[in-house]
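Could you walk me through this protein model, from its loops to its helices and the space inside? I would like to follow it in the viewer as we go.

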Amino acid sequence: MNILVTGGAGFIGSHICEKIFNTYRNSEIVILDKLTYAGNLFFLKNIIKSKRIKFIKADIIDYKKYAKFLKNSDVVINVAAESHVDRSFDNSLLFTKTNTLGAHILIQKSFEYNIKKIVHVSTDEVYGSLEVGEAYEDFPLKPSSAYSASKAASDLAVIAHHITHGLDTVITRCVNNFGLNQFPEKLLPRIINRCLRGESLPIYGDGKNVRDWLFVIDHARAIDTVFHDGKIGETYNIGGFNEWK
């Protein structure tokens with residue numbers, strides 16, 4: 001089969017690309033990425049030179065640049081997103097443009113081109129902050145930042161296309177990722193780098209908020225599992241069972 005991965009040169013996307021490259025050895029993979037500060041072809045160094053890989057530098061919104069590749073795809077895995085909550089405070093429209101409008105365009109064109117399956121990678125941030133307990137897939141969406149709001153909107157666009165057009169879609173919502181190739185602005189690499197430099201550590205609130213942490217390679221494995229065994233139209237939370245204050 002032919003697989004299109006958007007955001008495939010980013011932190012999470014690159015690990016997903018490597019996973020599916022090694023799993024589906026008769027498949028061709030088109031990797032789409034606009035190579036912002038968080039995307040880097042070096043992350044794909046183990047697979048980028050293969051004849052089975054085609055890289056397209058393009059924005060998810062500019063579908064004309066990748067339309068012919070989308071038409072020839074069987075599966076779309078959408079990982080493209082602006083993803084840092086703090087950055088969304090200062091430039092919320094960029095997040096809406098990429099995460100909401102970009103995803104909507106991709107989903108609409110996938111319907112027009114009769115794509116067989118779409119895996120839309122989202123975030124647990126769409127549930128907002130919980131005082132106690134855990135969020136399940138049927139929890140109400142209560143985004144609390146421009147980032148989470150833009151992702152929640154894209155999730156709803158995916159759901160709407162499944163209900164209205166019968167598009168074969170699956171949504172995943174993961175907890176905080178960590179691992180190789182993560183941009184230094186994220187919490188764990190930021191803390192580690194500041195420790196190495198002997199600098200003070202940024203603590204939000206009283207430091208007692210709990211987050212679940214997911215190893216990025218486990219996330220890639222989970223995406224493959226959902227791609228294989230996920231039910232059409234369903235949403236799957238992906239946790240790390242690794243909670244820390």
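Asn-114 is exposed, with a relative accessible area of 62%. Bear in mind as you look at it that this is a predicted model. You will find Asn-114 in the loop that runs between α4 (92-112) and β5 (117-123). Its backbone deserves a glance too: Asn-114 is not a glycine, yet its phi is positive, about 60°. As background, most residues other than glycine have a negative phi.

Asn-181 also has a positive phi, here about 80°, and is likewise not a glycine. This residue belongs to the loop between β7 and α6 (187-196). Is Asn-181 buried or exposed? With a relative accessible area of 18%, Asn-181 counts as buried, because the cut-off for that class is under 20%.

Two other loop residues are worth a stop. Lys-51 sits in the loop between β2 and β3, and it is exposed, at a relative accessible area of 85%. From the C-alpha of Lys-51 to that of Phe-11 the distance is 22 Å, with their positions 40 residues apart in sequence. Ser-83, in turn, lies in the loop between β4 and α3 (85-90). Its relative accessible area of 33% makes Ser-83 partly exposed, because that value falls between the 20% and 50% cut-offs. Setting aside neighbours within four places in sequence, Ser-83 is in contact with Phe-95, Tyr-147 and Lys-186. Ser-83 and Leu-93 are 10 residues apart in sequence, and their C-alpha atoms are 13 Å apart in space.

Now to the helices, beginning with α1, which covers residues 11-23. Its 13 residues reach 19 Å from the first C-alpha to the last, close to the 18 Å expected at 1.5 Å a residue. Which residues of α1 are buried? They are Phe-11, Ile-12, Gly-13, Ser-14, His-15, Ile-16, Cys-17, Ile-20 and Phe-21. The cover over these buried residues includes the strands β1 (2-6), β2 (28-33), β3 (53-57), β4 (75-78) and β7 (176-178), along with helix α7 (216-229).

Helix α7 can be checked in a similar way. Its 14 residues should span 20 Å at 1.5 Å a residue, and the C-alpha atoms at its ends are indeed 20 Å apart. Buried in α7 are Val-216, His-219, Ala-220, Ala-222, Ile-223, Asp-224, Val-226 and Phe-227.

Helix α5 has 20 residues, for which 1.5 Å a residue gives an expected span of 28 Å; its end C-alpha atoms are 28 Å apart, in agreement. The buried residues of α5 include Tyr-147, Ser-148, Lys-151, Asp-155 and His-161. Ser-154 is another residue of this helix, and it is buried with a relative accessible area of 0%. What does Ser-154 touch, not counting residues up to four places away in sequence? The answer is Asn-99, Thr-100, Ala-103 and His-120. After α5 comes Gly-166, whose phi is positive, near 70°.

Next, the space inside. Rolling a probe the size of a water molecule over the atoms shows where empty space is left. How many cavities of 30 Å³ or more does the structure hold? There is one, and the largest cavity contains about 40 Å³ of space. The elements giving two or more residues to its lining are α5 (146-165) and β6 (169-174). The residues that line the largest cavity are Val-158, Ile-159, His-162, Thr-169, Val-170, Ile-171, Gly-233, Glu-234 and Thr-235. By type, this lining divides into four nonpolar, four polar and one charged residue.

Finally, a look at the cysteines. The structure holds zero disulfides. Cys-174 is in no disulfide, and the nearest cysteine sulfur, that of Cys-17, is 15 Å away. That separation does not qualify because a disulfide needs the two sulfur atoms within 2.5 Å. Cys-174 is buried, with a relative accessible area of 6%, whereas Cys-195 is partly exposed at 48%.

How values were computed. Residues numbered from 1 in each chain as written. Predicted model: local features only at pLDDT ≥ 70, side-chain atom pairs only at ≥ 80, totals over all residues. Heavy atoms only, no water. 1 Å grid on protein atoms, 1.4 Å probe; cavity = no way out; pocket = protein on both sides within 12 Å on 5 of 7 lines; lining within 4 Å. Points joined across faces, edges and corners; volume = space filled by probe spheres on them. Helix = DSSP H or I, 4+ residues; strand = E, 2+ residues; numbered from the N terminus. Nonpolar A, V, L, I, M, F, W, Y, C, P; charged D, E, K, R; others polar. Expected span 1.5 Å × (residues − 1). Buried < 20%, exposed > 50% of the residue type's maximum accessible area, 1.4 Å probe, protein only. Contact = heavy atoms within 4.5 Å.
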